[in-house]
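Ready for a bit of practice? Have a look at the chain below, then work through the exercises and check yourself against the solutions.

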Amino acid sequence: FKMGTSQEFISSRLVGSGLFTPGGALVYNSEITGSTATQAMEVTSVAQMNNVVGCTFSNNNRAIRITTAGTYTFDRLTFSGNTYDVENASTGLVTI
């Protein structure tokens, strides 16, 4: 499930889906749970992560996979029951 920069995922619930790629879309006040993919969400930039606000990640293998080094701000994110909450898949340092 891939979104684009002009799209919004607001107050929504994604259950038992594959990989979710925000692609710059606003992801706000939503829940991503029980993903069938290795990671529920893949984030490829700091700017993408800045648009993920107030979300809950539960019962996923990996909640968020970050592929680019940088300093990330998590704004009101909640994690519960994931095997791993955040995976650093970049080749450098990720600071949260």
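Before you start, one cut-off: a residue is called buried when its relative accessible area is under 20%, exposed when the value is over 50%, and partly exposed in between. Keep in mind that this is a predicted model.

**Exercise 1. Work out what the protein is built from, and check whether its radius of gyration fits a compact globule.**

Step 1: Go through the secondary structure. You should end up with one helix and 12 strands.

Step 2: Write the elements down as you read along the sequence. The pattern is β-β-β-β-β-α-β-β-β-β-β-β-β.

Step 3: Now look at the extent. Along the principal axes, the C-alpha atoms fill a box of roughly 30 × 30 × 20 Å.

Step 4: Compare the radius of gyration with the rule. A compact globule of 96 residues would come out near 12 Å, and the protein has 12 Å, so the two agree.

Step 5: Add the surface. The accessible area is about 4700 Å², and 45% of that belongs to carbon and sulfur atoms. As for burial, 41% of the 96 residues count as buried.

**Exercise 2. Find the order of the strands in the open sheet of four strands, and say which strands sit at its edges.**

Step 1: Trace the pairing. The order is 2-4-7-10, and the pairing is parallel.

Step 2: Look for strands that pair on one side only. Those are strand 2 (13–15) and strand 10 (78–80), the edge strands.

Step 3: Check the twist. From one strand to the next, the average is 10°.

Step 4: Zoom in on one pair. Strand 2 and strand 4 (residues 31–33) run parallel and are joined by three bridges. Take Leu14 as an example: its bridge partner in strand 4 is Ile32.

**Exercise 3. Do the same for the open sheet of three strands, then decide whether strand 5 is enclosed or not.**

Step 1: Read off the order. It is 5-8-11, with parallel pairing.

Step 2: Name the edges. Strand 5 and strand 11 each pair on one side only. The twist here averages 20° from one strand to the next.

Step 3: Follow the bridges between strand 5 and strand 8. There are four of them, in the parallel sense. Glu42 has Arg65 as its bridge partner in strand 8, and Gln39 stands opposite Arg62 in strand 8.

Step 4: Move on to strand 8 and strand 11. Four bridges join this parallel pair, and Ile64 stands opposite Val86 in strand 11.

Step 5: Use the cut-off on strand 5. Five of its five residues are buried, so strand 5 is largely enclosed by the rest of the structure.

**Exercise 4. Which residues touch the most other members of the largest nonpolar core?**

Step 1: Start with the members. The core has 20 residues, and the ones touching the most others are Phe20, Met41, Val52, Phe57 and Ile64.

Step 2: Ask where members come from. Strand 5 (39–43) and strand 8 (62–66) each supply at least two residues of this core.

Step 3: Pick Ile64 and list what it touches, skipping residues up to four places away in sequence. The list includes Met41, Val43, Met49, Phe57 and Phe74, and also Leu77, Phe79 and Val86. Asp85 and Glu87 are on the list too.

**Exercise 5. Place Ser17 and Tyr84, and decide for each whether it is buried, partly exposed or exposed.**

Step 1: Locate Ser17. You'll find this residue in the loop between strand 2 and strand 3 (26–28).

Step 2: Apply the cut-off. Ser17 has a relative accessible area of 18%, so it is buried.

Step 3: Check what surrounds Ser17. Leaving aside neighbours within four places in sequence, its contacts are Phe1, Gly34, Ser35, Thr36 and Ala37.

Step 4: Switch to Tyr84, which is in strand 11 (residues 84–88). Its relative accessibility is 46%, so Tyr84 counts as partly exposed.

Step 5: Look at the partners of Tyr84. With neighbours within four places left out, they are Asn61, Arg62 and Ala63. Between Tyr84 and Arg65, the C-alpha to C-alpha distance is 9.5 Å, and they are 19 residues apart in sequence.

Methods. Residues are numbered from 1 along each chain as its sequence is written. This is a predicted model: local features need pLDDT of at least 70, side-chain atom pairs count only at pLDDT 80 or more; totals for chains, interfaces and linings use all residues. Side-chain values use heavy atoms; hydrogens and water are left out. Two strands pair if DSSP finds at least two bridges between them. Axes are lines fitted to C-alpha atoms, for helices over the stretch in contact, and angles run from 0 to 180 degrees between N-to-C directions. A nonpolar core is a set of buried Ala, Val, Leu, Ile, Met, Phe, Trp, Tyr and Cys residues joined through side-chain atoms within 4.5 Å. Buried means under 20% relative accessible area, exposed over 50%, partly exposed in between (1.4 Å probe, protein chains only). Contact means heavy atoms within 4.5 Å. The radius of gyration is taken over C-alpha atoms; the globule rule is 2.2 Å times the number of residues to the power 0.38. Accessible areas come from the Shrake-Rupley method with a 1.4 Å probe; for residues, only the protein chains shown count as cover.
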